[in-house]
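This report is meant to be read alongside the sequence and coordinates. Please keep both at hand while going through the sections below.

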Amino acid sequence: MAVTLEQAQRVGYSCLKALLRFAFMVANNLVAIPSYVLYLIVLQPLRMLDSKSFWYIEGVLFKWLLAMVASWGWWAGYTVVEWGDDVKAVSEDEAMVLVNHQATGDVCTLMMCLQDKGTVVRQMMWLMDHIFKYTNFGIVSLIHGDFFIRQGKAHRDHQLVLLKEHLEKYYRSRNRKWIVLFPEGGFLRKRRETSQAYAKKNNLPFLKHVTLPRLGATQVILNTLVAPQENGTPAGGDTVIKESKSKGLQWVIDTTIAYPKGEPIDIQTWILGYRQPTVTHVHYRIFPVKDVPAEPEALTHWLYQRFIEKEDLLTHFYETGAFPPLQGQTKAISRDMTLSNLWLVGIQSLAFLSGGMWYCIFQYFYHCLF
């Protein structure tokens, strides 16, 4: 079939736009990430004198970096509509966020929709696959104190021990509030067949839009971060809890991400912006942690129920284009998540100004020395 001039122009424009976006993001990363690292190197004396203030400043810088990532999607027209419970109400409390996982764009979506949730972004900890340690953002996550988990049966038990140690060492000493994890342990397309085979073998529900979650990381987080009075059982890291006077983990936020037609956005699309503007839908349900069972078998059942509910939510969404109303509601209420373009331009400008400042400083010292 012959390609018309109009089609060729449209393709050419899309390629040019993708190339310009990619060039901008490379430049953005080249100034923003080194600036983040250099600011924190300079602030090391403050870390020794006043650790709380140091991690406050680090959190602000971390939030700005995540906002830059969010801006890439926002300016490409990849927006978010939120449903269900209003998580702003618990933004100052400690919470564990359970998210379904479809593609690399899920993380970018969360970076965007959590930007307007108070102090959440600067005080959150991420659990992510160890491969992300070797990406351009890996150094930032390492400094921030995120945990990189290695998948696979051979590593599972050891990784859970490391996770417990990591939480006890970093979670409250750096004043973290929310911890985000993907309990499915991988992308939907990669795990669906294995999960369905396991479900059939063990007489569990057949799931198409999510996979059965894994218990390990969820159980370690609950055992380590829930204060003893919350579930009546001893929690790991009690000394840290007592020292910080923390109430412990108070909420579990069940988060379900849905893409129109079930077509997820990957990181390449987020960066290059070649897909048409898309609205991603995010649904929240908040559970008090005191209602979450501590015993492994009961916790497994509770976690499975959350993902069975996710399956129902996503089935309803794909059939109707909306999530069902919450219990007690007659109509589902959605909320458009918005970002300030002025604010996004401001932090992008600050990143480039910081890059220029560090370049001038290095040039000055280079000339002084040589």
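The text that follows takes up helices, salt bridges, backbone angles, a contact in space and surface patches in turn.

The model is a predicted one, and every value given here is computed from it.

**Helices H3 and H8**

Helix H3 covers residues 51-74, and its 24 residues should span 34 Å at 1.5 Å a residue, a figure that agrees with the 34 Å between its end C-alpha atoms. Of those 24 residues, 17 are buried, so H3 is largely enclosed by the rest of the structure.

Helix H8, which runs over residues 216-225, is likewise largely enclosed by the rest of the structure, because eight of its 10 residues are buried. The buried set in H8 consists of Ala-217, Thr-218, Gln-219, Val-220, Ile-221, Leu-222, Thr-224 and Leu-225, a list in which Thr-218, Gln-219 and Thr-224 stand alongside residues such as Val-220 and Ile-221.

**Salt bridges**

The count of salt bridges in the model comes to 10. Three of them are set out in the table, with the N to O distance and the relative accessible area of each partner.

| Salt bridge | N to O distance | Relative accessible area |
|---|---|---|
| Asp-116 and Lys-117 | 2.6 Å | Asp-116 25%, Lys-117 2% |
| Glu-168 and Lys-164 | 2.5 Å | Glu-168 27%, Lys-164 34% |
| Glu-309 and Arg-306 | 2.6 Å | Glu-309 23%, Arg-306 7% |

The pair Glu-168 and Lys-164 belongs to helix H6 (residues 153-171), where the two residues are four apart and therefore separated by about one helical turn. Glu-168 counts as partly exposed at 27% relative accessibility, and Lys-164 is also partly exposed, with a value of 34%.

In the bridge between Asp-116 and Lys-117, the acidic partner Asp-116 is partly exposed at 25%, whereas Lys-117 is buried, with a relative accessible area of 2%.

The remaining pair in the table, Glu-309 and Arg-306, lies in helix H12 (residues 296-320), with the two residues three apart, which is about one turn of the helix. Here Glu-309 is partly exposed at 23%, while Arg-306 counts as buried at 7% relative accessibility. Elsewhere, salt bridges with shared partners link Glu-82, Lys-88, Asp-116 and Lys-117 into one network.

**Backbone angles in two loops**

Which residues other than glycine have a positive phi? Two such cases are Asn-203, with a phi of about 55°, and Lys-261, with a phi of about 65°. As background to these values, most residues other than glycine have a negative phi.

Asn-203 is placed in the loop between H7 and H8, and at 74% relative accessibility Asn-203 counts as exposed. Lys-261 sits in the loop between E6 and helix H11 (267-272), and Lys-261 too is exposed, with a relative accessible area of 76%.

**A buried loop residue and its contact in space**

Is Leu-249 buried or exposed? At 0% relative accessibility, Leu-249 counts as buried, since the cut-off for that class is under 20%. Leu-249 belongs to the loop that connects helix H10 (238-244) and strand E6 (251-258). Although Leu-249 and Val-289 are 40 residues apart in sequence, their C-alpha atoms are 7.0 Å apart in space.

**Surface patches**

A patch of positive charge on the surface brings together Lys-153, Arg-156, Lys-201 and Arg-214. One of these residues, Lys-201, lies in helix H7, which covers residues 188-201, and Lys-201 counts as exposed at 75% relative accessibility.

A nonpolar patch on the surface is formed by Met-357, Ile-361, Tyr-364, Phe-365, Tyr-366, Leu-369 and Phe-370, which together have about 830 Å² of accessible area. Among these residues, Phe-370 is located in the segment after helix H13 (341-369), and Phe-370 counts as exposed because its relative accessibility is 73%, above the 50% cut-off.

Definitions and conventions: Residues are numbered from 1 along each chain as its sequence is written. This is a predicted model: local features need pLDDT of at least 70, side-chain atom pairs count only at pLDDT 80 or more; totals for chains, interfaces and linings use all residues. Side-chain values use heavy atoms; hydrogens and water are left out. Patches are made of residues with over 30% relative accessible area and no salt bridge: like charges are joined within 9 Å, nonpolar side chains (Val, Leu, Ile, Met, Phe, Trp, Tyr) within 5 Å. Accessible areas come from the Shrake-Rupley method with a 1.4 Å probe; for residues, only the protein chains shown count as cover. A salt bridge is a side-chain nitrogen of Lys or Arg within 4 Å of a carboxyl oxygen of Asp or Glu. Lys and Arg count as positive and Asp and Glu as negative; His and the chain ends are not counted. The place of a charge is taken as NZ of Lys, CZ of Arg, CG of Asp or CD of Glu. Buried means under 20% relative accessible area, exposed over 50%, partly exposed in between (1.4 Å probe, protein chains only). The expected span of a helix is 1.5 Å times one less than its number of residues.
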